[in-house]
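Hi everyone, thanks for making time. I'd like to walk you through two helices today, so please bring up the viewer and follow along.

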Amino acid sequence: MSDLPPSPGTPRTPVSTPDAVLAAATEQVETALASPALCPVIRTFFDEDTFTATHVVHDPETKKAAIIDSVLNYEASSGRTKHGSAQMVVDYIRKTGLEVEWQLETHAHADHLSAAPWLQQQLGGKLAIGAGITRVQDVFGKIFNAGTEFARDGSQFDHLFHDGDTFSVGTIPAIALHVPGHTPADMAFVIGDAAFIGDTLFMPDYGTARADFPGGDARALFHSIRRLLSLPALTRLYLCHDYKAPGRDTFAWETTVGAEREGNVHVHNGIAEDDFVAMRSARDKTLSLPTLIMPSVQVNMRAGHMPEAEENGVSYIKVPVNTL
Ligand SMILES: [Fe+2]
């Protein structure tokens, strides 16, 4: 049995060092760029309330798909959730005849709630995030004084990715890269010739993600970004957010490694690490916390599930006073 090839979507043995992982990702992208059948079809749904891009990635040959960074609509004033944004993803997947293999999270988001558990109910797929989620669970478990029933071992997810883990979407090969900085657990997923890079880089005219959340690190973010920018210039990059840079009227979420290397306003080629760290740290001091950070973190550290209901059957979101 042991010499059977892994079934599609089954994580395989990781390659070892960060350099070897980058070399494997580079080879994967180059192979895909030379072979259109290995380039996935990508459809993006943009949630304007949270400025979040949800990507549906599929292999046109097998129609197997992955959903990356979904959004559960949440109205803070009433505490009500809605499924409008996620329903658009469901409608598209059903209309296109796709079969979902993966529900991927690039990280535990602090600005929107994940719809992954609801999408999983509708469409299936394994729910996965970076293995560093255990650190995030530890930090926020303490901040929100979650009880012992809240496991800090990532067991709420179906799979935890480490740097260099390979997987596939249908017949398209994929590799997970650990890109910490915004949070300690951020992952980028390189699928064929396309990299889904979460909160690292934004569009070249907007810059980079903040690095001041608990566990964030501007220096680590710089190294993660330089690693992503070492991929081939034609690698397609898909972002998690866009906020329209000054002078730009439309939302955008797709660029390339080459465009970021040449034009990213925070980290184009030639920007030194110390200068980036100084800029990033100064800018982060001016930013207020995201509107939905309280519900987002408490829900997303539980893989998109609400906190356990209290004895009256109701789930509550806590606000720690004078803490964050
Ligand atoms: Fe984020």
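Let's start with a length check: how far apart are the end C-alpha atoms of helix α2, residues 84-96? One thing to keep in mind is that this is a predicted model. The 13 residues of α2, at 1.5 Å a residue, should span 18 Å, and the end C-alpha atoms are 19 Å apart, which agrees.

Now, which residues of α2 are buried? They are Ser85, Ala86, Val89 and Ile93. Those four cover an arc of only 100 degrees around the axis, so they sit on the same side of α2. If you rotate to the face turned away from that buried side, you'll find Gly84, Asp91, Arg94 and Lys95, which are exposed.

What covers the buried residues of α2? The cover includes the strands β1 (41-47), β2 (52-58), β3 (64-68), β4 (73-75) and β6 (99-104), along with helix α3 (116-123). Following α2 comes Gly97, with a positive phi near 75 degrees.

That takes us over to α3. Here the buried residues are Ala116, Trp118 and Leu119. Their arc around the axis is only 160 degrees, and that puts them on the same side of α3. Among what covers them are β3, β6 and β7 (126-130), and also α2. So the two helices turn up in each other's cover: α3 for the buried residues of α2, and α2 for those of α3.

One last backbone detail: just after α3, Gly124 has a positive phi of about 80 degrees. Thanks, all, and I'm happy to take questions.

Terms used: Residues numbered from 1 in each chain as written. Predicted model: local features only at pLDDT ≥ 70, side-chain atom pairs only at ≥ 80, totals over all residues. Expected span 1.5 Å × (residues − 1). Buried ≥ 20, exposed ≤ 12 C-beta atoms within 10 Å, placed from the backbone. Arc of directions from axis to C-beta. Contact = placed C-beta atoms within 7 Å.
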